[in-house]
Amino acid sequence: MLASVLLAAAAATTPIVDKVEPPYWWTGMRNDTLQLMVTGPGVADAAVHLDSPGITLLDDVRLDSPDYKFLYLKIGPDAQPGTVPITFTVGKASQTVDYSLRSRAKAPEAHEGFSAEDVLYLLMPDRFAQGEAATADPYADLRFKARPDRDNPNARHGGNIAGIIDRLDYLHDLGVTAIWVCPVLENDMPGGSYHGYATTDYYRIDPRFGTNEEWNRLIDEAGKRGMKVVMDMIFNHSGVAHPWMEDMPSADWFNHPEGDVMTNFRLSTVHDPYASEYDRDATVNGWFVRGMPDLNQRNPHLMKYLTQNSIWWVESSGINGIRMDTYPYADMKAMAAWAEDVIKEYPNFNIVGECWYANEGGAAFWQQGSRLNPTDTKLPTVMDFKLTTDGHRYFDEPTTPWTGLNGLYDHLAMDFMFPEPQKILTFLDNHDTDRFLLAEPDSLDVWKQAVTFLLTSRGIPQIYYGTELLMNGSKEGSDGFVRRDFPGGFPGDTVDAFTPEGRTPMQNEAWDYLSDLLRWRRDTANDVIARGRLRHFMPIDCAYVYERELDGRQVIVAINGTDAPLSLDMKRYAEIMPQGATYHRPLGGADITVGDTLTLAPRETLVLQNF
């Protein structure tokens with residue numbers, strides 16, 4: 001990672017400095033204080049000399065380990081891009097590090113985040129597609145060299161960034177506008193850690209996925225197609241094989257460093273006014289699993305390191321958003337400061353936190369500006385896990401006065417708790433849950449209702465890779481069962497579902513429907529759905545009818561929640577569909593002029609627009 005940091009040793013038989021992080025930085029940042037984490041044997045004892053115009057050494061910090069030094073530099077407004085020589089001296093030995101400062105590629109406001117105008121396509125790089133490797137032997141400098149084994153659902157399968165780049169045209173044709181990529185940073189862990197959630201180097205793309213340069217090319221190529229990229233990050237924990245575990249910078253770098261306390265996964269303790277300190281400590285400070293030690297965000301040097309890491313990836317690669325894993329398991333106040341710093345640097349950016357609650361109140365507690373939380377989390381976007389956990393019964397169950405689509409109505413009726421409902425990430429499934437389809441369906445009716453609601457209701461929709469192919473299954477027994485390889489993404493695959501010829505007739509029906517819906521949303525109805533008012537009607541007649549409206553333009557959706565035809569009395573819906581009004585059916589079918597009744601076929605999903 002020192003490709004951009006030139007090390008020149010003088011009168012030293014062994015280097016004083018092994019590594020400097022971040023590997024480079026920029027002039028003109030809104031936060032003018034830069035932390036350098038310097039590592040090397042005994043570097044804490046080194047005297048530091050720096051003499052560059054516009055740059056001031058504010059602090060030289062030694063913690064518990066002799067092998068770490070933290071330098072705090074003020075990068076003044078008159079500092080110029082170029083090389084900053086920093087000399088480290090121990091006794092008669094000295095070493096000069098030529099640290100690189102760069103010019104910013106674009107203004108902070110030009111870093112555009114994701115929003116309700118977008119539809120995110122979540123993919124797991126190891127399982128999506130394999131392209132030509134960027135290096136001859138990506139395992140060369142890894143400690144753990146487990147090779148891909150596609151027969152093992154819990155092993156690496158060999159997908160990489162090159163494979164994603166090769167399939168960008170497929171994703172654009174499908175109609176998505178953003179890609180959320182599961183973590184791609186180095187996970188040099190026993191067993192391979194194919195999922196990416198056990199980081200061992202925060203500044204390096206895992207070589208099995210590619211290189212930093214290849215990651216940047218993915219963002220560039222996606223941008224050429226009008227697509228954004230959201231980067232998955234994890235600050236609650238690292239991987240147990242991270243060098244920090246072998247040589248902790250300070251004794252409090254990790255919570256419970258002996259690994260004797262595991263989290264209880266009970267996020268209610270974070271907002272429970274009656275919670276014991278014992279339970280709350282286990283939730284927030286316990287290790288996530290044995291292989292993922294819990295980072296102590298209350299350590300200011302660690303938190304500065306992590307904050308700079310986020311900013312470095314935004315600035316160096318141009319990502320359009322961050323999805324922060326296991327958000328409530330980290331320290332709330334420290335993460336609020338992190339989010340505030342990132343948004344201050346990039347005011348049009350967006351961050352979504354994984355706040356996994358099966359109820360609306362828990363999720364609303366975490367959104368920025370929540371009246372439920374005495375601490376402003378500064379977190380713009382939270383996730384609608386309630387829709388995910390209960391989505392099956394919302395759409396699968398026949399609608400009665402208390403079941404089926406009435407549950408969906410009641411769920412949205414709780415949006416009064418959220419400061420910004422349009423900044424809720426909505427999804428039917430993801431890499432940590434059962435697939436929405438537990439088995440291959442006999443009919444697409446219910447599936448069409450679910451994906452139509454997802455893409456036309458409030459919030460920022462996310463679809464999970466393979467949804468367009470009706471990929472199905474339960475994670476019971478192994479997470480790998482809901483993280484199967486995309487057919488056709490790997491050398492030797494006998495079926496290529498990236499092409500119509502490689503899909504079954506039902507898969508093509510699903511792909512075409514979803515693609516038509518996505519492209520209509522993207523190209524025609526985007527502003528109405530992204531910014532329009534939502535008004536809905538209780539499904540007392542077993543149909544769920546709702547409107548999105550912006551400046552007189554309407555999108556109206558009617559869903560029949562039963563297996564029988566329904567005749568709707570249109571007097572009830574006159575406030576959004578007046579008598580005599582004519583509506584176009586953008587997904588096919590004849591125009592509709594509103595009369596006394598409207599008949600819906602069994603399980604029909606009707607999409608209308610007046611423009």
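## Starting point

A helix here is a DSSP run of H or I with at least four residues, numbered from the N terminus. With that in hand, we can take a friendly walk through this structure, which is a predicted model. Four cavities of 30 Å³ or more are found in it, and two of them are described below, followed by a sheet and a pair of helices.

## The second largest cavity

Helix 8 (300-317) and helix 9 (332-345) each give at least two residues to the lining of the second largest cavity. Helix 8 has the largest share, with four residues. The space inside this cavity comes to about 70 Å³.

Which residues line the second largest cavity? They are Trp-25, Asn-31, Thr-33, Lys-304, Thr-307, Gln-308, Ile-311, Asp-341 and Glu-345. Sorted by class, this lining has four polar, three charged and two nonpolar residues.

## The largest cavity

The largest cavity holds about 100 Å³ of space. It is lined by 13 residues, and the closest to its centre are Leu-428, Asp-429, Phe-436, Trp-447 and Thr-467. By class, the lining of the largest cavity is made up of nine nonpolar, two polar and two charged residues.

Which elements each supply at least two residues of this lining? Helix 13 (445-456) and strand 19 (460-464) do. Both elements come up again below, strand 19 in the sheet and helix 13 in a helix pair.

## The sheet around strand 19

Strands of a sheet pair through backbone hydrogen bonds, in either a parallel or an antiparallel way. In this model, eight strands make an open sheet with parallel pairing, and their order is 16-15-14-11-10-19-18-17. Strand 16 (351-353) and strand 17 (382-383) are at the edges with a single partner strand each, so one side of each has no neighbour in the sheet.

Strand 19 pairs with strand 18 (residues 424-427) in the parallel sense, over three bridges. To find this pairing in the structure, look for Phe-427, whose bridge partner in strand 19 is Gln-462.

## Helix 13 and its partner

Two packed helices are described by the angle between their axes and the distance between the axes. For helix 13 and helix 14 (residues 505-523), the packing angle is about 15° and the axes are 11 Å apart.

Why are these two helices described as roughly parallel? Angles under 35 degrees count as roughly parallel, and the angle between helix 13 and helix 14 is about 15°, so the two helices are roughly parallel to each other. Their crossing is right-handed.

Notes. Residues numbered from 1 in each chain as written. Predicted model: local features only at pLDDT ≥ 70, side-chain atom pairs only at ≥ 80, totals over all residues. Heavy atoms only, no water. 1 Å grid on protein atoms, 1.4 Å probe; cavity = no way out; pocket = protein on both sides within 12 Å on 5 of 7 lines; lining within 4 Å. Points joined across faces, edges and corners; volume = space filled by probe spheres on them. Nonpolar A, V, L, I, M, F, W, Y, C, P; charged D, E, K, R; others polar. Pairing = 2+ DSSP bridges. Axes fitted to C-alpha atoms, helices over the stretch in contact; angles between N-to-C directions. Parallel < 35°, antiparallel > 145°, perpendicular 65-115°, else oblique. Left-handed = near helix turned anticlockwise from the far one by under 90°.
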